Amino acid sequence: VPQDFRAAVLLIDVEEFTYKEAAGILNVPIGTVMSRLSRGRKALRERLAGVAESYGIGRTQQEGKSA
């Protein structure tokens with residue numbers, strides 16, 4: 001996951017900073033934090049999907065989406 005996206009995910013989802021606090025820490029507008037957070041979460045979801053599937057997690061959810 002690119003560094004900018006990773007920083008937003010860590011600050012918001014792991015460290016539990018508010019968007020405003022994260023924007024101040026990263027020195028970017030709140031909208032940029034929100035965009036990076038969304039893109040970072042998407043990148044993580046995509047990267048972790050294969051790992052989850054190898055453990056048998058998520059197959060039912062994916063089958064339900066296509067049905």
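In the predicted model, Arg36 has a relative accessible area of 18% and therefore counts as buried, the limit for that class being under 20%. Arg36 belongs to helix H3. Apart from neighbours within four places in sequence, Arg36 is in contact with Asp4, Phe5, Ala8 and Val28. With Asp4, Arg36 forms a salt bridge in which the closest N and O atoms are 3.9 Å apart. This pair joins distant parts of the chain, since Arg36 is in helix H3 and Asp4 in helix H1, 32 residues apart. Unlike the buried arginine, Asp4 is partly exposed, at 43% relative accessible area.

Two salt bridges are found in a search of the whole structure. Besides the pair of Arg36 and Asp4, a salt bridge is formed by Arg41 and Asp13, with 2.7 Å between the closest N and O atoms. Here too, distant parts of the chain are linked: Arg41 is located in helix H3 and Asp13 in helix H1, 28 residues apart. Arg41 has a relative accessible area of 34% and is therefore classed as partly exposed. Asp13, at 36%, is likewise partly exposed.

Both salt bridges accompany a packing contact between H1 and H3, whose axes are 8 Å apart and meet at an angle of about 95°. The two helices are therefore roughly perpendicular to each other. On the H1 side, the contact comprises Asp4, Phe5, Ala8, Val9, Ile12 and Asp13; on the H3 side, it comprises Val33, Arg36, Leu37, Arg39, Gly40, Arg41 and Leu44. Classified by residue type, this contact contains seven nonpolar, one polar and five charged residues. The residues of both salt-bridge pairs, Asp4 with Arg36 and Asp13 with Arg41, are included in the contact.

Helix H3 also packs against H2, at an angle of about 100° and with 8 Å between the axes. H2 is therefore roughly perpendicular to H3. From H2, the contact involves Tyr19, Lys20, Ala22, Ala23 and Leu26, and from H3 it involves Ile30, Val33, Met34 and Leu37. Eight of these residues are nonpolar, none is polar and one is charged. Val33 and Leu37 of H3 take part in the contact with H2, and both are also listed in the contact with H1.

The loop between H2 and H3 contains Pro29. With 54% relative accessibility, Pro29 is classed as exposed, because values over 50% fall in that class. The C-alpha atoms of Pro29 and Tyr19 are 9.3 Å apart, with their positions ten residues apart in sequence terms.

The largest nonpolar core has nine residues in all: Ala8, Val9, Leu11, Ile12, Ala22, Ala23, Val28, Val33 and Leu37. Two or more residues of this core are given by each of helix H1 (3–14), helix H2 (19–26) and helix H3 (30–54). H1 supplies the largest share, four residues. Within H1, the buried residues are Ala7, Ala8, Val9, Leu11 and Ile12, and the elements that cover them include H2 and H3. Just after H1, Glu16 adopts a positive phi of about 60°.

Among the core residues, Leu37 illustrates how the three helices come together. Leu37 is placed in helix H3 and, with 1% relative accessibility, counts as buried. When residues up to four places away in sequence are not counted, Leu37 touches Ala8, Val9, Ile12, Asp13 and Tyr19. Of these partners, Ala8, Val9 and Ile12 belong to the nonpolar core together with Leu37, whereas Asp13 is a partly exposed residue that forms the salt bridge with Arg41. Leu37 and Asp13 are 24 residues apart along the chain, and their C-alpha atoms are separated by 8.9 Å. Tyr19, a further partner of Leu37, is among the H2 residues in the contact with H3.

Note on methods:
Residues are numbered from 1 along each chain as its sequence is written. This is a predicted model: local features need pLDDT of at least 70, side-chain atom pairs count only at pLDDT 80 or more; totals for chains, interfaces and linings use all residues. Side-chain values use heavy atoms; hydrogens and water are left out. A nonpolar core is a set of buried Ala, Val, Leu, Ile, Met, Phe, Trp, Tyr and Cys residues joined through side-chain atoms within 4.5 Å. Buried means under 20% relative accessible area, exposed over 50%, partly exposed in between (1.4 Å probe, protein chains only). Contact means heavy atoms within 4.5 Å. Axes are lines fitted to C-alpha atoms, for helices over the stretch in contact, and angles run from 0 to 180 degrees between N-to-C directions. Angles under 35 degrees count as roughly parallel, over 145 as roughly antiparallel, 65 to 115 as roughly perpendicular and the rest as oblique. Ala, Val, Leu, Ile, Met, Phe, Trp, Tyr, Cys and Pro count as nonpolar, Asp, Glu, Lys and Arg as charged, and the others, Gly among them, as polar. A salt bridge is a side-chain nitrogen of Lys or Arg within 4 Å of a carboxyl oxygen of Asp or Glu.
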